[in-house]
Amino acid sequence: MIGRLNHVAIAVPDLKMASASYKNTLGAIVSSPRDEPEHGVRIVFVDLPNTKIELLEPFGDESPIQAFLDKNPSGGMHHVCFEVDDILSARDKLKKEGARIIGDGEPKLGAHGKPVLFLHPKNFSGTLVELEQA
Ligand code: CO
């Protein structure tokens, strides 16, 4: 059912520092920061030949990644995002398999303007999984 790894998202306490280490130390192509107030994050995209890394810094008071950073002050992997062809049929299949969908179960528009859903980490070895309709 799942297709390409669309991105790995890493929550960071300091986006400037994190961007600099990907750019200068790892030699990656790193975008300028982009504010996503409706998602409560400021994002930098790291372009890799086969996928992307998204560095996420909290933006605003109700950022969904603040609690994660409270538990992991130096940052860490926040979620992985897999592409699916049809998000509604993926959701229905996952529900049938007993996976827990976060929120009301309706796909929302994600950071790339495409429909996304998040699956509870308890079903996937402690990893938050995002599905994006490619
Ligand atoms: Co994501």
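P13 touches E57, L69, P73, S74 and G75, leaving out residues up to four places away in sequence. That's a handy place to start in this predicted model. P13 sits in the loop between β1 and α1, and at 47% relative accessibility it counts as partly exposed. Along the chain, P13 and L56 are 43 residues apart, yet their C-alpha atoms are separated by 8.4 Å.

**Helix α1**

Move on from that loop and you reach α1, which covers residues 15–25. At the start of this helix, a side-chain oxygen of D14 comes to within 3.1 Å of the backbone nitrogen of K16. Which residues of α1 are buried? They are L15, A18, S19 and Y22. Looking down the axis of α1, these buried residues fall within an arc of 100°, so they line one face of the helix. On the other side of α1, you'll find K16, M17, N24 and T25 exposed. The cover over the buried residues of α1 includes β1 (5–11), β2 (29–30), β4 and β5. After α1 comes G27, with a positive phi near 70°.

**Helix α3**

Now for α3, residues 87–96, where I87, A90, R91 and L94 are buried. Those four cover an arc of only 100° around the axis, which puts them on the same side of α3. Their packing partners are β6 (76–84), β8 (115–119) and β9 (128–133). Note that a charged residue, R91, is on the buried list. D86 caps the N-terminal end of α3, with a side-chain oxygen 3.0 Å from the backbone nitrogen of L88. G98 follows α3 and has a positive phi, near 90°.

**Three buried residues with polar or charged side chains**

Some individual positions are worth a look. N6 is in strand β1, E36 is in strand β3 (residues 34–36), and S63 is in the loop between β5 (52–58) and α2 (66–71). Here is how buried they are:

| Residue | Relative accessible area | Class |
|---|---|---|
| N6 | 5% | buried |
| E36 | 6% | buried |
| S63 | 9% | buried |

Why does N6 count as buried? Its relative accessibility is 5%, and the cut-off for buried is under 20%. Setting aside neighbours within four places in sequence, N6 is in contact with T51, K52, C81, F82, E83, H112 and E132.

With the same kind of neighbours left out (those within four places in sequence), E36 is in contact with V41, I43 and A111. The C-alpha atoms of E36 and P107 are separated by 18 Å, and the two residues are 71 residues apart along the chain.

As for S63, a polar atom of its side chain lies 2.6 Å from the backbone oxygen of G40. G40 also turns up among the contacts of S63, together with V41 and P58, once neighbours within four places in sequence are left aside. V41 is in contact with E36 and with S63.

**The largest pocket**

How much space lies in the largest pocket? About 730 Å³. There are 34 residues lining this pocket, and the closest to its centre are P64, H78, H79, F118 and L128. The elements giving two or more residues to the lining are β4 (41–47), β5, α2, β6, β7 (108–109), β8 and β9. By class, the lining of the largest pocket breaks down into 15 nonpolar, 11 polar and eight charged residues.

Some of these strands also came up with the helices. β6, β8 and β9 pack against the buried residues of α3, and they're among the elements that give two or more residues to the pocket lining. Likewise, β4 and β5 help cover the buried residues of α1, and both are on the list for the lining too.

**An exposed loop residue**

One last stop is S125, in the loop between β8 and β9. S125 is not a glycine, but it has a positive phi of about 55°. Is S125 buried or exposed? S125 is exposed, with a relative accessible area of 75%.

Methods. Residues are numbered from 1 along each chain as its sequence is written. This is a predicted model: local features need pLDDT of at least 70, side-chain atom pairs count only at pLDDT 80 or more; totals for chains, interfaces and linings use all residues. Side-chain values use heavy atoms; hydrogens and water are left out. Buried means under 20% relative accessible area, exposed over 50%, partly exposed in between (1.4 Å probe, protein chains only). A polar contact is a pair of N or O atoms within 3.5 Å; within protein, one must be able to donate a hydrogen and the other to accept it, and residues adjacent in sequence count only if both atoms are side-chain atoms. Contact means heavy atoms within 4.5 Å. The arc is that of the directions from the helix axis to the C-beta atoms. On a 1 Å grid over the protein atoms alone, a cavity is a set of points where a 1.4 Å probe fits but cannot get out, and a pocket is an open set with protein on both sides within 12 Å along at least five of seven lines; lining residues have an atom within 4 Å of a point. Grid points are joined across faces, edges and corners, and a volume is the space filled by probe spheres set on the points.
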